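User: Can you walk me through this model? I'd like the overall fold, then the ligand site.
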Amino acid sequence: MEHADKILKEKEALQRKINILETRLSETNAQHKLSSEGNVSDSPLLLEFDVLKEDNILLKEDIEFFKTKLIEIAETEEGIFKLEKERALLDASLRELESRFIAAQANMMKLGPRDAWWEKVEKLEDLLETTANQVEHAAVILDHNHDLQDRLDNLEASLQAANISKFSCSLVDLLQQKVKLVEDRFQACNSEMHSQIELYEHSIVEFHDTLSKLIEESEKRSLENFTGNMPSELWSKISLLIDGWLLEKKIAYNDASMLREMVRKRDSRLREAYLSYRGTENRDVMDSFLKMALPGTSSGLHIAHIAAEMAPVAKVGGLADVISGLGKALQKKGHLVEIILPKYDCMQVDQVSNLKVLDVLVQSYFEGNMFNNKIWTGTVEGLPVYFIEPQHPAMFFSRAQYYGEHDDFKRFAYFSRAALELLYQSGKKVDIIHCHDWQTAFVAPLYWDVYANLGFNSARICFTCHNFEYQGTAPARDLAWCGLDVEHLDRPDRMRDNSHGRINAVKGAIVYSNIVTTVSPTYALEVRSEGGRGLQDTLKVHSRKFLGILNGIDTDTWNPSTDRYLKVQYNAKDLQGKAANKAALREQLNLASAYPSQPLVGCITRLVAQKGVHLIRHAIYKTAELGGQFVLLGSSPVPEIQREFEGIADHFQNNNNIRLILKYDDALSHCIYAASDMFIVPSIFEPCGLTQMIAMRYGSVPIVRKTGGLNDSVFDFDDETIPMEVRNGFTFVKADEQGLSS
Ligand code: ADP
């Protein structure tokens, strides 16, 4: 019962709850009904509420926008602050610049000695660099300014676009004022910067003017101070000037001769006139020269070398060294020397001073036609040089190499003719025309058979054969190309080769020259037999005019105490520098350097059979075996030999005692001479050889085969038949591995 009562009570309580819920539901329904029947927008309160809500959102957005703009303005202000700081810096350096200018100008008034001059020039150069940097910097700042300007423009545009007039008027005003302020400051800064740059530009122009004045003045002074260290350069320039006027037909032949004579005598009046009119019109220099041209008597000779090489401008081997070395030596003895070379496209033009083309074309004959030649002049090693550039469709000297072309015979026959034509047309009365090797051997028969008949006959011809291995042969008819008479010359006693039907250029030069020389007395003997490569009989016939004169080296070019390629300069009395050069070369070539006294053997050569390539190879392996170091610098025109040595180079590439550098490299050659302890020249035959002489000059002991010029310049240390004081190296006779190892 009790249980039933409990259930009943619970039921009543639940019913009460249901009633309450029902009442609430009906209330809610009534409310819902009311709201769905009525229009909410009509309620003014709700409307006001919504507007407020919307305004609030807009206001919030605007506040956010202003916040960003304020950050941007702060950044811009910061940029302007930086700019102002930069401007202050620039101001300071401008003031310093001005004061240094004033000081430099004051210095100009009281010119100091030459060294001080150069110091000033160097300082000015530094200053110029600083100014250039500052201008660069200013340009960067200007760029930055442009950026800022863009940003300001954007800022203004955004402010307008914001259309915020109905809100926060004071805030907008404030912002606009700030922007205006920033804009004004920016404008001021910009125009300041512009004026600074103008000032700098102006000062740079002034710098350039002052600098060129200083350089001009200093050049003039250095020329005035010529005391004999390098007068030849000056005289060569004057000599080229005179020849140019003559070729351009601006002065008469007699005047040119007289002026040349004055050049030869180093007449100081000519020098002074040249110096004082320097930089003015050529015409003024010419007039002042002509006023001085008075007849004089000659004691020196006028010598013209016609050659295919000259060091350092166009060098393949020893011929090049001899042309410049001999030319300089003759010039020092008071002779008037000039050199005529082809204008190769591959020559080292940077080794020519004042290279310029003359305002004249020299015409020369070839293959039945006349061809124009451009004539270039310049000085090389202080010697006046003419470079002939043929205007021939075959582009004879634009082949990117000196020799080894299929038409070499044609190229050099052309050049020989054009060189003579140049001398002839310049109206010079040359005393000696000196031609060298087969490339210019054509000069001798051309001179006597063609030019002497034209009245150009003051000269005597000297022909030097630097190597009888190369003789320049061709079918007889090819001789006609340069205007030689084939029928007249294709004879056994003239130009026909002694062993085959071709014509031989070297033979022609032997027959037609007044004097024939070769480059060492021993070689002159050797070529009278087998060494003459077929020309021995011709040499015997002409033996009275044939002699061997030992070459020398140019001791200015090859001088360890002044050599600019060396790490350390040194001389025979102080060989400390040699060790430093050895260390430097080892480092450069990545050779082992643990033992400073480990001997280093050098070899610098064209790799051709004549040079004893099999002995060079043997020396490399033997040195490696004995624990020495070996450096070979050389290249070969013979592909098989080049390949063979490339193979050897590969074989030793991981060996840090052996290096083969298979190319031509003048600078490296100087370093090897200086670094080596021994120098090997195992030639099968050697007309003279210069490398053993250069090696000795650099304190490297030569090991050579006793042949040709090696026999005349290297005397064995153990040879008791020779006075001790002349012994200077080691020689061997047998051209085999045993001989070399002995
Ligand atoms: P040749 O005239 O037969 O080549 P020389 O001994 O008379 O031999 O003269 C050689 C000249 O060429 C030297 O001045 C030597 O230093 C230089 N020479 C040879 N080969 C090279 C090379 N690969 N790099 C630089 N110079 C070289």
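User: How many helices and strands does the protein chain have?
Analyst: The protein chain has 22 helices and 17 strands. Helices (H or I, at least four residues) and strands (E, at least two) are DSSP runs, numbered from the N terminus. This is a predicted model: local features need pLDDT of at least 70, side-chain atom pairs count only at pLDDT 80 or more, and totals for chains, interfaces and linings use all residues. Residues are numbered from 1 along each chain as its sequence is written, and side-chain values use heavy atoms, with hydrogens and water left out.

User: What share of the residues is buried?
Analyst: Buried residues are 47% of the 742 in the protein chain. Buried means under 20% relative accessible area, exposed over 50%, partly exposed in between (1.4 Å probe, protein chains only).

User: OK, ligand now. Which residues are closest?
Analyst: Lys315, Gly318, Arg606, Lys611 and Tyr673 are the closest of the 21 residues that surround the ligand. To count, a residue needs a heavy atom within 4 Å of the ligand.

User: Which elements supply at least two residues of that shell?
Analyst: α9 (318-332), β12 (600-606), β13 (629-635), α19 (666-675) and α20 (691-697) each do.

User: Why does the ligand lie between two domains?
Analyst: Because domain 3 (300-548) and domain 4 (576-741) both give residues to the shell around the ligand. The domain bounds come from an automatic or database domain assignment.

User: What polar contacts does the ligand make?
Analyst: Here a polar contact is a pair of N or O atoms within 3.5 Å; within protein, one must be able to donate a hydrogen and the other to accept it, and residues adjacent in sequence count only if both atoms are side-chain atoms. A polar side-chain atom of Arg606 sits 2.7 Å from a ligand oxygen. For Tyr673, a side-chain N or O atom is 2.7 Å from a ligand oxygen. Leu690 uses a polar backbone atom, 2.9 Å from an oxygen of the ligand.

User: And how much of the ligand's area does the protein cover?
Analyst: 93% of the 570 Å² of accessible area that the ligand has on its own. Accessible areas come from the Shrake-Rupley method with a 1.4 Å probe; for residues, only the protein chains shown count as cover.

User: Switching to Asn467. Where is it, and is it buried or exposed?
Analyst: Asn467 is in the loop between β7 (460-465) and β8 (473-474). Asn467 is buried, at 7% relative accessible area.

User: What does its side chain reach?
Analyst: The Asn467 side chain reaches the backbone nitrogen of Glu469 at 2.9 Å. It also makes a polar contact with the side chain of Gln610 (3.1 Å).
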